[in-house]
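Work through the exercises below with the model open in your viewer. Try each task before reading its solution.

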Amino acid sequence: MTSHFFPRDEYFMRLALREAERAIEHDDVPIGAVIVREGEVIGSGHNEREIRADPTAHAEMIALREAARALGSWRVLDAVMYVTLEPCAMCAGAIVLARIPRVIFGATDPKAGAAGSVFDILDEPRLNHRPQVVGGLLADESAGLLRGFFAPRR
C-alpha cells in the first residue's frame, strides 16, 4: 500500500494527527484533517462536535469550510485531504461535492466508513465526482489515538 503514497504524504498526515490530538483537549473523538494545495495547508480541523454541540462538526467538514474560505470557492480543486480516520457518509458526501481530487486516510472505520468499509460513497459511479482514495497511511498511530480515547470510556 505504501507505493500509493508520495514522499510528503506522511508529513501532512502527521499534521492531521496533531489536529486529532487537539480534539482530546475538549473531550472529543480524536480525528484530524488537513487539506493541502500546492504544498501548503489551506484547511485544517479536528472533531469539535462536543464543544460546538454540532453533529456536523467533524474534522473533515471543518477543514473543508476553511479550505473553501481560503480559496473563495466551494470547489476545492487541485487539493489533497489527509484525514486520520476513514470518512463517514456525511464527510464523504461533502468531499464529493467539494470536488477534492485525492483523499488519504489513516485507519479504516468498520462501523461507519464510507470509503470502502461500510459504504463506498467516494467511488460511487452514479455520482459526478470520484476522488482517488488511499487508506492506511499511519493507520497504527491513528487507530492508537482512538483506542486510547475510548478505552477508559468502555
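A pocket here is an open set of grid points with protein on both sides within 12 Å along at least five of seven lines. Its volume is the space filled by probe spheres set on the points. The model is predicted.

**Exercise 1. The largest pocket**

Task: State how much space lies in the largest pocket, and describe its lining.

Solution.
- Step 1. Start with the volume. The largest pocket holds about 560 Å³ of space.
- Step 2. Take the lining. It comprises 22 residues. Nearest the pocket centre lie Val 29, Leu 85, Asp 109, Leu 146 and Phe 150.
- Step 3. Sort the lining by type. There are 12 nonpolar, three polar and seven charged residues.
- Step 4. Ask which element gives the largest share of the lining. Helix α5, residues 139-150, does so with four residues.

**Exercise 2. Val 29, at the pocket**

Task: Locate Val 29, decide whether Val 29 is buried or exposed, and list its contacts beyond four places in sequence.

Solution.
- Step 1. Val 29 sits in the loop between α1 and β1.
- Step 2. Its relative accessibility is 12%. Buried means under 20%, so Val 29 counts as buried.
- Step 3. Beyond the neighbours within four places, Val 29 contacts Ala 23, Asn 47, Arg 49, Leu 146, Phe 149 and Phe 150.
- Step 4. Return to the pocket. Val 29, Leu 146 and Phe 150 are among the residues nearest the pocket centre, and Val 29 is in contact with both Leu 146 and Phe 150.

**Exercise 3. From Val 29 to His 58**

Task: Find how far apart Val 29 and His 58 are in sequence and in space, then characterise His 58.

Solution.
- Step 1. The two residues are 29 positions apart in sequence. Their C-alpha atoms lie 9.4 Å apart.
- Step 2. His 58 belongs to the loop between α2 (49-52) and α3 (59-71).
- Step 3. With 15% relative accessibility, His 58 counts as buried.
- Step 4. Neighbours within four places aside, His 58 contacts Asn 47, Arg 49, Cys 88, Met 90 and Cys 91. Asn 47 and Arg 49 also appear in the contact list of Val 29.

**Exercise 4. Two residues of helix α3**

Task: Leu 64 lies in helix α3, as does Arg 69. Which of the two is buried, and which is exposed?

Solution.
- Step 1. Leu 64 has a relative accessibility of 9%, so it counts as buried.
- Step 2. Arg 69 has a relative accessibility of 64%. Exposed means over 50%, so Arg 69 counts as exposed.
- Step 3. Check the surroundings of Leu 64. Leaving out residues up to four places away, it touches Ile 35, Val 76, Met 81, Ala 94, Ile 95, Ala 98 and Ile 100.
- Step 4. Add distances. Leu 64 and Cys 91 are 27 residues apart along the chain, with 9.3 Å between their C-alpha atoms. For Arg 69 and Gly 135, 66 residues apart, the C-alpha separation is 27 Å.

**Exercise 5. Positive phi**

Task: Give the phi values of Glu 38 and Arg 99, and place both residues.

Solution.
- Step 1. Phi of Glu 38 is near 55°, a positive value in a residue other than glycine.
- Step 2. Glu 38 occupies the loop between β1 (32-37) and β2 (40-46). With 71% relative accessible area, Glu 38 is exposed.
- Step 3. Phi of Arg 99 is near 65°, also positive and also in a residue other than glycine.
- Step 4. Arg 99 is in the loop between α4 (89-98) and β4 (102-107).

**Exercise 6. The whole fold**

Task: Summarise the elements and explain why the protein is as compact as a globular protein of its length.

Solution.
- Step 1. Count the elements: five helices and five strands. Their order along the sequence is α-β-β-α-α-β-α-β-β-α.
- Step 2. Compare radii. The radius of gyration is 14 Å, close to the 15 Å from the globule rule for 154 residues, so the protein is as compact as a globular protein of that length.
- Step 3. Add the extents. The C-alpha trace spans about 40 × 35 × 30 Å along its principal axes.
- Step 4. Look at burial and contacts. Of the 154 residues, 49% count as buried. Among contacts with a separation of 6 or more, 59% join residues 24 or more positions apart.
- Step 5. Finish at the surface. The accessible surface is about 7900 Å², and 52% of it belongs to carbon and sulfur atoms.

Key: Residues numbered from 1 in each chain as written. Predicted model: local features only at pLDDT ≥ 70, side-chain atom pairs only at ≥ 80, totals over all residues. Heavy atoms only, no water. 1 Å grid on protein atoms, 1.4 Å probe; cavity = no way out; pocket = protein on both sides within 12 Å on 5 of 7 lines; lining within 4 Å. Helix = DSSP H or I, 4+ residues; strand = E, 2+ residues; numbered from the N terminus. Nonpolar A, V, L, I, M, F, W, Y, C, P; charged D, E, K, R; others polar. Rg over C-alpha atoms; globule rule 2.2 N^0.38 Å. Buried < 20%, exposed > 50% of the residue type's maximum accessible area, 1.4 Å probe, protein only. Contact = heavy atoms within 4.5 Å. Areas by Shrake-Rupley, 256 points an atom, 1.4 Å probe, with all protein chains shown as cover.
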